[in-house]
Each structure stands twice: as structure tokens, then as C-alpha cells.
Amino acid sequence: MGTINGPYMSEEQIREYLDRIEIEYPEQLTPEYLTRLQYAHITHIPFENLDVMNGIELSIEREHLFNKVIREKRGGICSELNTLYNWLLESLGFDVTSYISRIIAKTAPLQPYSHRVIAVKFGDKKYLTDVGFNFDHHRVPLLIEEGLVQGDGACNYRLERDEILGWIMYQETSNGWRKKLAFQESPQIDMDFIGPTFYAQYHRNAKINKSFKVSIHRDGEFIAVREGSYLKEVHGIVNVIEKIESRERELMLIKDIFGL
């Protein structure tokens, strides 16, 4: 049995996955469990683009992702992590729909569709969940409801409607509200993210193929090696811990801090 994306994980695979992120098998599928599941994921599995930077072709084929991320204890870029996470959610029995979104950055406010986000439905409510973002982002699923301010213990978030972009997610930072991403509620399946994955790895305008980018949420903070710096983000504001002066030092930090 499975979905349009393919067969479900086996029970053995589900338990391997949950062991990897140190969370128990759910007794019930609730928003509370989804919250704990997302947080466990983003604190155990890093975002990382090592394969991109080392010239290793990416694949979002499910068994490949399972071996890479769960058995080899690696991380991945957004389409890898959220494709694998989507498979877990489907296999556990959650009511899941994936959407494709645009990242919104101060330096690039309008970007092509590239990032997978996931909506999980409970009754008449839908929650936005995401484990594949390379910046400080919502640590808990967000109820998809316009104008509602929702906190995750570190930052506040809200969703607003836009005539062109659909839903826009905002993060409240020390400098005010900032747009993070935008998505339309148009269902997508695994194969729809092959193109964005190829774009991320090879296109000259992609942001993910220029330098090492590794990050994780740890001890209540978001830490990263990104664009030549070892840094943390607090309330959406970047604080540089160390400016990295050499490739050797960069690789050492990635190994020592992230275990990669």
C-alpha cells in the first residue's frame, strides 16, 4: 500500500527513522505529536549541501534518501529532507499534501519556485511543517490561518494572503517583520521536485551551489556554517561567531560541529 508517490515505508524503516531522530512511535496522530516530530527532526538532521559542493549528483529517489540520511547519518538540501520527511508522514498515516514555495530573501526578494513545504490536515485545520530550511525558521508547525501570530519559543510567525504569491510567511525579527517564503496551495508530488533539485545543484543563479551551507537547530539556537562564516541566528538576526579564513578550517568546523 502507498500513495501516488509510491509505497509506504516498512515498519522497520519507520522505526529506524524515528530512532535516528530519537522520538518514540506515535500512539495517536495529533498536532502535538507533529510538533514534537518536526522539532526532533530539525535538531538531529542537518541541512547540508556537501554533495552539491563535491560534485555528487543529487537524487530524491526515496530509498536513496533513506540510505543517505537515515543509515549513513547525513543531511541534505531542502528537497531531499522534505521529500524524506513527507514519506515518513505519509507512512505514519498523516493526511499530507506538499506544496512548492518561493524563498524570499532580502538580497533576492523574488526567486523561482524551489522549496518543498508540507501541509498536514487535522479535521478542518491545516498546519505547515518544514524540516529543510537553511535559515532560522519555525521550529513548530504553523496553523495555516491568515493574520494569526504564532510563536515557536524563539520567534513569532504569521501567514498573510497575497493576490500573486498566495500565502506569504513572515518572521518577526529584532528589526521587525520579514518575509521568508511564499506558496500556493497547489498539490505537488515527489517527481515535481526533480526540476527544483536540478536547478539548486546546477543553475548559475541558484544560491545553494556557491559555497558550503550546513546548519542545524541545537540547544535552542540555530547554528550554521554558511558563506564563509560560522554563525548563529537569534530572532532572525545573524551573529557571526567566526569568520572562516580557509577551506581547511571550514571543513574542520563542519566535521567537528555537525559530524559530517
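**Pocket, cavity and helix α7**

The largest pocket holds about 940 Å³ of space. Forty residues line it, and those closest to its centre are Ile 103, Ala 105, Gln 111, Phe 135 and Lys 207. Keep in mind that the model is predicted. As for where the walls come from, α5 (78-92), β11 (176-183), α6 (194-202), β14 and β15 each put in at least two residues. Helix α6 has the largest share of this lining, with four residues. Sorted by character, the residues around the pocket come out as 20 nonpolar, eleven polar and nine charged.

Next, the enclosed space. Searching the whole structure turns up one cavity of 30 Å³ or more, and the volume of this largest cavity is about 70 Å³. Its lining consists of Ile 42, Ile 45, Pro 46, Phe 47, Val 131, Gly 132, Phe 133, His 137, Ser 215, Ile 216, His 217 and Phe 222. Strand β12 (residues 213-218) is the top contributor here, giving three residues. No charged residue takes part in the cavity lining, which splits into eight nonpolar and four polar residues. The pocket lining, by contrast, does include charged residues, nine of them.

That leaves helix α7, which covers residues 247-258. How far apart should the ends of this helix be? At 1.5 Å a residue, its twelve residues should span 16 Å, and the end C-alpha atoms are indeed 16 Å apart, so the expected and modelled spans agree. Buried in α7 are Glu 250, Leu 253, Ile 254, Ile 257 and Phe 258. Looking down the axis of α7, these buried residues fit within an arc of 100°, so they line one face of the helix. The general reason is simple: an α-helix makes a turn every 3.6 residues, so residues three or four places apart point the same way. Over on the other side of α7, Glu 248, Lys 255 and Asp 256 are exposed.

And what does the buried face of α7 sit against? Its buried residues pack against α3 (50-53), β12, β13 (221-226), β14 (229-234) and β15 (237-243). Some of these partners have turned up already: β12 gives the most to the cavity lining, while β14 and β15 each supply at least two residues to the lining of the largest pocket. Right after α7 comes Gly 259, with a positive phi near 70°.

Terms used. Residues are numbered from 1 along each chain as its sequence is written. This is a predicted model: local features need pLDDT of at least 70, side-chain atom pairs count only at pLDDT 80 or more; totals for chains, interfaces and linings use all residues. Side-chain values use heavy atoms; hydrogens and water are left out. On a 1 Å grid over the protein atoms alone, a cavity is a set of points where a 1.4 Å probe fits but cannot get out, and a pocket is an open set with protein on both sides within 12 Å along at least five of seven lines; lining residues have an atom within 4 Å of a point. Grid points are joined across faces, edges and corners, and a volume is the space filled by probe spheres set on the points. Ala, Val, Leu, Ile, Met, Phe, Trp, Tyr, Cys and Pro count as nonpolar, Asp, Glu, Lys and Arg as charged, and the others, Gly among them, as polar. The expected span of a helix is 1.5 Å times one less than its number of residues. Buried means under 20% relative accessible area, exposed over 50%, partly exposed in between (1.4 Å probe, protein chains only). The arc is that of the directions from the helix axis to the C-beta atoms. Contact means heavy atoms within 4.5 Å.
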